[in-house]
Amino acid sequence: MAIAGCRVSSGDGAPPDIERSLAAMTLRASTTKRRTSVLRDGGAVFGRCDEGQISAGTPRGIATVAAFDGRLDNRSELLRMLGADGVSPMASDCELAMFAYARWEGEFADRLIGDFACAIWDGSRRTLLLARDAIGARPLFFWRGEGAVFFATEPRGLLAQPQIPKEIDEAWVGRALAWIPQERGSSFYKGLERVTAGHVARFERDGEVRRSKYWRPESLAPISLRQRRRLCRRAARRARHSGA
């Protein structure tokens, strides 16, 4: 499953050829045309191949394009919360993510439970958001150049673009061989960055990127199992009796 796309700062010139990225990532090159699709909206081009998903719509009046790779495990919960927004029970995971963004905006990823890499284009604000699941089960890479941001779930999807250099990051390789922790978001290739697990990367109209962490397990309420409480009380009683 794979998704790829690009956001450009202006509409001048030919739109990026995202089909190049999809052709590099598709599982069967001979059937690329049948297994890919592309959506364009102003300054954004989104594509998917194999089992990746893309959707477009105007939930809550926001012109939105979404790309999604993975699965959601809390579909029923999301359908209940988003039912008032006109979400169909047959909505795809990609459509649920799109409606979740329209409802919660930058906090939408915190409402998604599952393994996923997700991209959202907000045509009204002309911003691009990239998000990964809490444990990073699905990869998501991006590259920033003059006036453009490319993303893809595989490095080869980015390296297929002619303007993206194919240069190994020797410092990254050295740290890997020496078992030194890598810089957060770095990758094997120079200029290719990872979206950190449990984070959202937001690319503003002016080209600035803002990273925010949405997965904060330390803020979750502790889980107390009834059986465990009984066992602890029983052990405490035994300890008191043995002390007597």
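These exercises walk through the sheets, helices, rings and empty spaces of one predicted model.

Residues are numbered from 1 along each chain as its sequence is written. In this predicted model, local features need pLDDT of at least 70, side-chain atom pairs count only at pLDDT 80 or more, totals for chains, interfaces and linings use all residues, and side-chain values use heavy atoms, with hydrogens and water left out.

**Exercise 1. Find the order of the strands in the open sheet that contains β4, and name its edge strands.**

Step 1. Know the terms. Strands (E, at least two residues) and helices (H or I, at least four) are DSSP runs, numbered from the N terminus. Two strands pair if DSSP finds at least two bridges between them.

Step 2. Read the order. Six strands line up as β4-β5-β6-β7-β11-β12, and their pairing is antiparallel.

Step 3. Look for strands that pair on one side only. These edge strands are β4 (53-57) and β12 (209-213).

Step 4. Add the twist. Neighbouring strands are turned by 15° on average, direction ignored.

**Exercise 2. Follow the pairing at both ends of this sheet: which residues are the bridge partners of Gln 53 and Val 200?**

Step 1. Start with β4 and β5. Five bridges join them, and they run antiparallel. Gln 53 has Phe 68 in β5 as its bridge partner.

Step 2. Inspect the link. β4 and β5 form a hairpin with six residues between them. In the turn, Arg 60 has a positive phi of about 55°.

Step 3. Go to the other end. β11 (residues 199-203) pairs with β12 over five bridges, in the antiparallel sense. Here Val 200 is matched with Ser 212 in β12.

**Exercise 3. Place helix α4 on the strands.**

Step 1. Locate the helix: α4 covers residues 93-104.

Step 2. List what α4 lies across: β4, β5 (64-72), β6 (114-122) and β7 (127-132). Contact means heavy atoms within 4.5 Å.

Step 3. Take the angle. Helix α4 runs at about 125° to β5. Axes are lines fitted to C-alpha atoms, for helices over the stretch in contact, and angles run from 0 to 180 degrees between N-to-C directions.

**Exercise 4. Describe the open sheet that contains β1, and the helix packed on it.**

Step 1. Write the order: β2-β3-β1-β9-β8-β10, with antiparallel pairing. The edges are β2 (36-41) and β10 (192-194). The twist averages 15° from one strand to the next.

Step 2. Check one pair. β1 (residues 2-8) and β9 (residues 148-152) are joined by five bridges. Arg 7 has Val 149 as its partner in β9.

Step 3. Add helix α1 (residues 18-25). It touches β1, β2, β3 (44-49) and β9, at about 160° to the direction of β1.

**Exercise 5. Is the pair of Phe 68 and Phe 116 stacked or edge-to-face?**

Step 1. Apply the rule. Rings of Phe, Tyr and Trp (its six-membered ring) pair if their centres lie within 6.5 Å; planes under 30 degrees apart count as stacked, over 60 as edge-to-face and the rest as tilted.

Step 2. Count the pairs: the structure holds six.

Step 3. Classify. The centres of Phe 68 and Phe 116 are 6.0 Å apart with 20° between the planes, so the pair is stacked.

Step 4. Place the rings. Phe 68 sits in β5 and Phe 116 in β6, 48 residues apart.

**Exercise 6. Which residues line the largest cavity?**

Step 1. List the lining: Phe 142, Arg 194, Val 195, Thr 196, His 199, Val 200, Ala 201 and Arg 211. On a 1 Å grid over the protein atoms alone, a cavity is a set of points where a 1.4 Å probe fits but cannot get out; lining residues have an atom within 4 Å of a point.

Step 2. Find the main source. Strand β11 gives the largest share, three residues.

Terms used: On a 1 Å grid over the protein atoms alone, a cavity is a set of points where a 1.4 Å probe fits but cannot get out, and a pocket is an open set with protein on both sides within 12 Å along at least five of seven lines; lining residues have an atom within 4 Å of a point.
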